[in-house]
Structures are given as C-alpha cells and as structure tokens.
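These are my notebook entries on a structure that is new to me. I looked up its strands first and its surface afterwards.

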Amino acid sequence: LSKPGCGVGWHTHHGEELTLCLAGGYTDETGQYARGDLQSASPEILHRPVADEGEDCIVLAVSDARLKFSSFTVALIGRWFGF
C-alpha cells in the first residue's frame, strides 16, 4: 500500500497472510487497521485493502503462499512482482 486511496487488487489467498501496519492505515472488507495493528487473512477472505486518507500507508505483509487475484490483469502484474 502507499498513497491514500491506493490499494491492492481484489484477492484471496492460497495460504495464510499476516499484515502488520507500520505507518498510516488501511481499510478492507474485514475492518480498518492503523499503525501497530496486525491482520490475519485466510484463504476464505476476499478483500481489497485500500490506504486510508492522511499519512502514507506502509505495511509488512508475510504470506506462506501466493495471492490469488480476482482480475487476470492484476494477477499477471502480481506474478511479475512475485505475489
């Protein structure tokens, strides 16, 4: 994530994903996350994290498997960057 209003494409997960919010904040279908919050996402969750207004959003995301994007174009770009 980055600038306010920017986000990651709609996706689920092939495995587990942990996201730690280091600065700013973001919102997705499961809630709103601010600096210091930890989100756990499982393969059942379909979401699109979007950076909140204000400070740039910086996160550390760790996943044990690739993301599964809903859009072919986003999936292709994600594959290019190793997601």
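Which residue in E6 does Tyr26 stand opposite? I looked this up and found Ala51 in that place. I note at the outset that the model is predicted.

**Entry 1: the sheet.** I then asked how the strands are ordered. The sheet is open and consists of 3 strands, in the order E4-E3-E6, with antiparallel pairing. Strand E4, residues 31-34, and strand E6, residues 50-51, stand at the edges with a single partner strand each, so one side of each has no neighbour in the sheet. I recall that strands of a sheet pair through backbone hydrogen bonds.

**Entry 2: the pairings of E3.** I went through the partners of E3 in turn. Strand E3 covers residues 25-28 and is joined to E6 by 2 bridges, the two running antiparallel. With E4, strand E3 pairs over 4 bridges, again in the antiparallel sense. Which residue in E4 stands opposite Thr27? I found Gln32 there. I also noted that E3 and E4 form a hairpin, with 2 residues between them.

**Entry 3: Thr19.** I turned next to strand E2, residues 17-23, in which Thr19 is found. Is Thr19 buried or exposed? Its relative accessible area is 7%, and buried means under 20%, so I entered Thr19 as buried. Leaving aside residues up to four places away in sequence, I listed what Thr19 touches: Tyr26, Asp37, Leu38, Gln39, Val59, Leu60 and Ala61. Tyr26 in this list is the residue of my opening question, the one opposite Ala51 in E6.

**Entry 4: Leu18 and the surface.** Leu18 is also found in strand E2. For Leu18 the relative accessible area is 41%, and I entered this residue as partly exposed. I recall that in a regular strand the side chains alternate between the two faces of the sheet.

I then asked which residues form the nonpolar patch on the surface. The patch is formed by Leu18, Leu20, Leu22, Leu38, Ile58, Leu60 and Val62, and together these have about 610 Å² of accessible area. Strand E2 and strand E7, residues 58-63, each supply at least two residues of the patch. Leu38 and Leu60 belong to this patch, and Thr19 touches both Leu38 and Leu60.

Key. Residues are numbered from 1 along each chain as its sequence is written. This is a predicted model: local features need pLDDT of at least 70, side-chain atom pairs count only at pLDDT 80 or more; totals for chains, interfaces and linings use all residues. Side-chain values use heavy atoms; hydrogens and water are left out. Two strands pair if DSSP finds at least two bridges between them. Buried means under 20% relative accessible area, exposed over 50%, partly exposed in between (1.4 Å probe, protein chains only). Contact means heavy atoms within 4.5 Å. Patches are made of residues with over 30% relative accessible area and no salt bridge: like charges are joined within 9 Å, nonpolar side chains (Val, Leu, Ile, Met, Phe, Trp, Tyr) within 5 Å. Accessible areas come from the Shrake-Rupley method with a 1.4 Å probe; for residues, only the protein chains shown count as cover. A salt bridge is a side-chain nitrogen of Lys or Arg within 4 Å of a carboxyl oxygen of Asp or Glu.
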